Amino acid sequence: MDLYDRHTVELCRQSEESAKKIDLKDEADKEEAARAKAWAIKMMMYFETGERYLKKDKTIREWMDRDQKRDELYESAQPPEDIRCLICRNRVTPTFKELWTEHEKPDRVLFMFDCINKCLPRRAFFSDGEEWRRKPNLCTRCGTELEESSEDNGEKLITKTTCPVCQYTDVSEKDKESWYSSYDFQSRFNVKSPTLRKWVRQGIVKARTITIYGKGVHMQVYLIEDNKDFLPPKSMTESRGVTTRRDGKDWFTTEPWYRFVDPRIHLKDYRIMDHLRVVDEKEEEERK
Ligand SMILES: [Zn+2]
Ligand SMILES: [Zn+2]
């Protein structure tokens, strides 16, 4: 059993125990359905991603040490110097870096470079000086390497693929409902970016890096179609507006979705729940 399996089993076991506890409570409150409902709404839900428990386990500690080493490597890595554009020979500047992990190979950091003239293709180098070679996406008509650019226009993610030789063009659009951003993970599941990065490394969730050409911006998106059965439709995790009356005035606030439903039931068909733990207010207090 590898680390990841152990991790998962441990998490599942804990969420099961916690679910049992809640079921008993539900049973006791059954006679007073109305009260139970009020309780469910009042109950504060916190998502946790397990780190706090896993600290107990020595193996997991080593695993966390490894993550810390990776963070340090990421922070300290320096880009190779004097890299030039292959098209116009200008010196290119590093724009962003990414941790690069490969099976049975030492971790490295990859630096992306941009040419001031926006020449394509871009170049990318590892911290040890090796140039990164992208798997080419070839034109099905003439075999030339396709050029791809993506743009997030605020509503849709538009990816345009063009062949520089035969003029083959393909445009694909994805609307905001079809993916979760890192911000969505944070705001809807309380999953912070180090955890999310870890999930990506472990293959729990699949990310796509979107390059917004011309802006030098790179971001990760998590398509629902790439993560079927793991991510729910976004409509299920939408926050809701609540009006409360206080001091003779109506106050409008937005509350996260899990204040209105039991997340374990609401998202029971989605594997993300295997990696989250729901803690009620009382339990949260006890653990402080
Ligand atoms: Zn150039
Ligand atoms: Zn072509």
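**Talking through the model**

Trainee: How many helices and strands does the protein have?
Mentor: Eight helices and 13 strands. Keep in mind that this is a predicted model.

Trainee: What share of the residues is buried?
Mentor: Buried residues make up 14% of the 288 in the protein.

Trainee: And the contacts? What part comes from residues 24 or more positions apart?
Mentor: 46%, counting contacts in the protein with a separation of 6 or more.

Trainee: Let's go to α6. Which residues are buried there?
Mentor: T195, L196 and W199. The helix itself runs over residues 193-201.

Trainee: Why do those three end up on the same side of α6?
Mentor: Because they cover an arc of only 100° around the axis.

Trainee: What covers them?
Mentor: The cover over the buried residues of α6 includes α5, residues 182-189.

Trainee: Which exposed residues sit on the face turned away from the buried side?
Mentor: S193 and P194.

Trainee: What happens just after α6?
Mentor: G203 takes a positive phi there, about 75°.

Trainee: That one is a glycine. Which residue has a positive phi although it is not a glycine?
Mentor: D82 is one of them, with a phi of about 55°. R89 is another, at about 65°.

Trainee: Where is D82 found?
Mentor: In the loop between α4 (58-76) and β2 (93-100). R89 is in the loop between α4 and β2 as well.

Trainee: Is D82 buried or exposed?
Mentor: Exposed, because D82 has 6 C-beta neighbours inside 10 Å. The cut-off for exposed is 12 or fewer.

Trainee: And R89, buried or exposed?
Mentor: R89 has 10 C-beta neighbours inside 10 Å, so R89 counts as exposed too.

Trainee: New topic. β2 follows that loop. What is the strand order in its sheet?
Mentor: The order is β2-β3-β4. This is an open sheet of three strands, and the pairing is antiparallel.

Trainee: Which strands are at the edge?
Mentor: β2 and β4, the latter being residues 123-126. Each of the two pairs on one side only.

Trainee: How are neighbouring strands turned against each other?
Mentor: By 25° on average in this sheet, direction ignored.

Trainee: How many bridges join β3 to β4?
Mentor: Four. β3 covers residues 108-114 and runs antiparallel to β4.

Trainee: Give me one pair to look at. What is the bridge partner of L110 in β4?
Mentor: F126.

Trainee: Remind me, what do strands of a sheet pair through?
Mentor: Backbone hydrogen bonds, either parallel or antiparallel. In this sheet the pairing is antiparallel.

Terms used: Residues numbered from 1 in each chain as written. Chains lettered and ligands numbered in written order. Predicted model: local features only at pLDDT ≥ 70, side-chain atom pairs only at ≥ 80, totals over all residues. Buried ≥ 20, exposed ≤ 12 C-beta atoms within 10 Å, placed from the backbone. Arc of directions from axis to C-beta. Contact = placed C-beta atoms within 7 Å. Pairing = 2+ DSSP bridges. Axes fitted to C-alpha atoms, helices over the stretch in contact; angles between N-to-C directions.
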